[in-house]
Amino acid sequence: MRYISTRGQAPALNFEDVLLAGLASDGGLYVPENLPRFSQEEIASWAGLPYHELAFNVMRPFVTGSISDADFKAILKDTYGVFAHSAVAPLRQLDSNEWVLELFHGPTLAFKDFALQLLGRLLDHFLIKRGERVVIMGATSGDTGSAAIEGCRRCENVDIFILHPHNRVSEVQRRQMTTIAGDNIHNIAIEGNFDDCQEMVKASFADQGFLKGTRLVAVNSINWARIMAQIVYYFHAALQLGGPARSMAFSVPTGNFGDIFAGYLARNMGLPISQLIVATNRNDILHRFMSGNRYDKDTLHPSLSPSMDIMVSSNFERLLFDLHGRNGALVAELLDSFKQTGKLSVEDDRWTEARKLFDSLAVDDEGTCATIAEVYRDCGELLDPHTAIGVRAARECRRSMSTPMITLGTAHPVKFPEAVRKAAVGEEPHLPAHLADLFERPERCTVLANELPAVQAFVAAHGNRGKPL
Ligand SMILES: *Cc1c(COP(=O)(O)O)cnc(C)c1O
C-alpha cells in the first residue's frame, strides 16, 4: 500500500515510512492512495472472530509490503491481549436499539489505547529491523500522554518525552503518566499551559538539530497508524449487531476528528454505515461546519470534557481532501487561506455531499451532566463526560429508530470524576482492579520552565535511555 499527502506535493511513501514520518514534507497528512474495499460476503464471513483476528483482516491491506502476515498477526494478538475485557470492545445496551461501544478497557482507560498499544509494537518491530532509535515527543492535556507512554514503555528503541502543563491535568491523568517506570520514559511538567507544550513540540519537529541525528516520531492522531487501528472497532460493533446485513449509525465524541474519520473510512471500505454524528462540547468548530458550512476558528473554552477541548481539528484536512476530489492543490489553497483568515467554508455541493452522512451537535457542560444523570437514572450506567456528549447527540440527531445507534464510549468515568460529581448521581466511579493502587504508586516527573531551550537540552541529555544522545 502506498500513501499520499493531502496537499499533493510530498513523495508517496509505504506504510513503514508513513508510520515514522508524522506530517508529510508539504505540511499535509498521509492517506492511503487507494482505500481497500470489502464485499458484503467477505465482511459477513468475519462474524464471531476474536478482536485481533478481525483486526488482521481489516488492516492487512494497509500494511502489505511492509510487514509479513505472521509478524502482523503476532503483534495484533499481543496488542489486544493486554485489554482487561476479553471481548476487547464490548457493547453495552442503554435503550431499545441503542448501545455504547466500550473502548475503555485498555491499560489507560480511554480509546487511545487501541491505536497506541499497536503503534508502540509496530515502531519496535520496524526500528529493531532497521537498527535505529527514535525519540517520541508529544504534548498532552491528558489521555494521549498516558496512552502513548503505556504503548511505548517496552519499546527497545524508543525514548518517549511527554510534556503536560504543570498542575493543569487531573490527578488520575497525571498519575497514569508519572507512575510508569522505565529509563526510556520521561514526563516533563511545563510551567505553562497546554498550548505552550504543543508549541514546543511543534517547534522541535520543525527544527530537529538538537537531536543530533535522531529522528522524532509523532504520536498524535496525524499519525496514520492511529486512524488505521480505529477503523477496526466499527466493523467489530457492526458485526455484533447484525451487520453487514443491516446498516448502523454511530455517534462519536469528537475533538481532532481522528476517531470519527476512522468510521468514515470503515464506511468507504464497504461497511454499511448510514449516519455518523459528530458530537462536540462547547469547542464546536466541527459542529459549526457540519450545521452551517462555517469552519471558523474560535477561542478555547475549557470544559468538563477536556479531551475534546480544541480550537481546530487536525484530521479534518483528511475529509477535506476527499470532499475536493482528492485534489491536493485545492486543499493546500484552502488551508493556506484558513491560516491567514481563521475561516473556511467549502462549495455548496461539497458540503451537501458531507451532510448525506454526517450530522452534528454541540453539548455544553450542563447538557453533559444532565445526560450522565439521565443515563444513570434510566439504566444504571455511569458515563464519562465525553461519552455522555456522544449519547446526547445520538439521541437528538438520530435519523432512524430502526437503525442500531452506537455511541463510542471513549473513556472510563473514573478518569473524569469532576463531571460525574457535578452530575450528582450519588455514586463515585471506581478504579478498575488493574489500577486500584494508582494513588500509592511512586511518581516520576521533571518540572521545567516554559522555555524551549531548557526542554530541548533535557531531551538531548536523556534521549538515549536516560543518557545523552
Ligand atoms: C481523544 C479523545 C476524544 C477525541 O477524539 P478525536 O479522535 O481527537 O476526535 C474523545 N474522548 C476522549 C475520552 C478522548 O481521549
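Biologist: Which residues does UniProt list for the "Threonine synthase N-terminal" domain?

Modeller: Keep in mind that this is a predicted model. Over the stretch in question the chain is 47% helix and 11% strand, with the end C-alpha atoms 26 Å apart. The domain label comes from an unreviewed UniProt entry, and it covers residues 2-80.

Biologist: In what order do the 3 strands of the open sheet sit?

Modeller: Strand E1 (residues 2-5) runs antiparallel to E3, and 3 bridges join them. E2 (13-14) and E3 (30-32) stand at the edges with a single partner strand each, so one side of each has no neighbour in the sheet. That gives the order E2-E1-E3.

Biologist: And which residue of E3 stands opposite Ile 4?

Modeller: E1 spans residues 2-5 and is bridged to E3. E3 itself covers 30-32. The residue opposite Ile 4 is Val 31.

Biologist: Arg 7 is in the loop between E1 and E2. Which side chain does the side chain of Arg 7 make a polar contact with?

Modeller: Being in a loop doesn't leave Arg 7 out in the open: at 18% relative accessibility, under the 20% cut-off, this residue counts as buried. Its side chain has a polar contact of 2.8 Å, and the partner is the side chain of Glu 317.

Biologist: Moving along the chain, which residue in the turn between E4 and E5 has a positive phi?

Modeller: E4 (residues 91-95) and E5 (residues 98-102) pair in the antiparallel sense over 4 bridges, and one of the bridged pairs is Leu 91 with Leu 101. The two strands form a hairpin with 2 residues between them. The phi of about 60 degrees in that turn belongs to Asn 97.

Biologist: How far apart are the end C-alpha atoms of residues 93-328?

Modeller: UniProt, again in an unreviewed entry, gives that span as "domain: Tryptophan synthase beta chain-like PALP". The span is 40% helix and 20% strand. Its end C-alpha atoms lie 42 Å apart.

Biologist: Now the ligand. How much of its area does the protein bury?

Modeller: Start with the contacts: a polar side-chain atom of Asp 143 lies 2.5 Å from a ligand oxygen. Polar backbone atoms of Gly 258 and Asp 259 also approach ligand oxygens, Gly 258 at 3.2 Å and Asp 259 at 2.9 Å. Taken alone the ligand exposes 380 Å², and the share the protein buries is 96%.

Biologist: How many residues in the shell around the ligand are charged?

Modeller: There are 15 residues around the ligand, and Lys 112, Asp 143, Gly 255, Asn 256 and Asp 259 come nearest. Sorted by class, the shell has 5 nonpolar and 7 polar residues, and the charged ones number 3.

Biologist: Which residue's backbone oxygen lies 3.3 Å from a polar side-chain atom of Ser 146?

Modeller: Ser 146 is found in helix H6 (residues 143-152). With a relative accessible area of 1%, Ser 146 is buried. The backbone oxygen at 3.3 Å from its side chain belongs to Asp 143.

Biologist: How many of the 11 residues of helix H10 are buried?

Modeller: H10 covers residues 258-268 and is largely enclosed by the rest of the structure. Among its buried residues are Gly 258 and Asp 259, along with Phe 261 and Tyr 264. After H10 comes Gly 270, with a positive phi near 115 degrees. Within the helix, the buried count is 9.

Terms used
Residues are numbered from 1 along each chain as its sequence is written. This is a predicted model: local features need pLDDT of at least 70, side-chain atom pairs count only at pLDDT 80 or more; totals for chains, interfaces and linings use all residues. Side-chain values use heavy atoms; hydrogens and water are left out. A residue is near a molecule or strand if one of its heavy atoms lies within 4 Å of it. A polar contact is a pair of N or O atoms within 3.5 Å; within protein, one must be able to donate a hydrogen and the other to accept it, and residues adjacent in sequence count only if both atoms are side-chain atoms. Accessible areas come from the Shrake-Rupley method with a 1.4 Å probe; for residues, only the protein chains shown count as cover. Ala, Val, Leu, Ile, Met, Phe, Trp, Tyr, Cys and Pro count as nonpolar, Asp, Glu, Lys and Arg as charged, and the others, Gly among them, as polar. Two strands pair if DSSP finds at least two bridges between them. UniProt positions are given in the numbering used here, feature names are shortened, and annotations may be inferred rather than shown by experiment. Buried means under 20% relative accessible area, exposed over 50%, partly exposed in between (1.4 Å probe, protein chains only).
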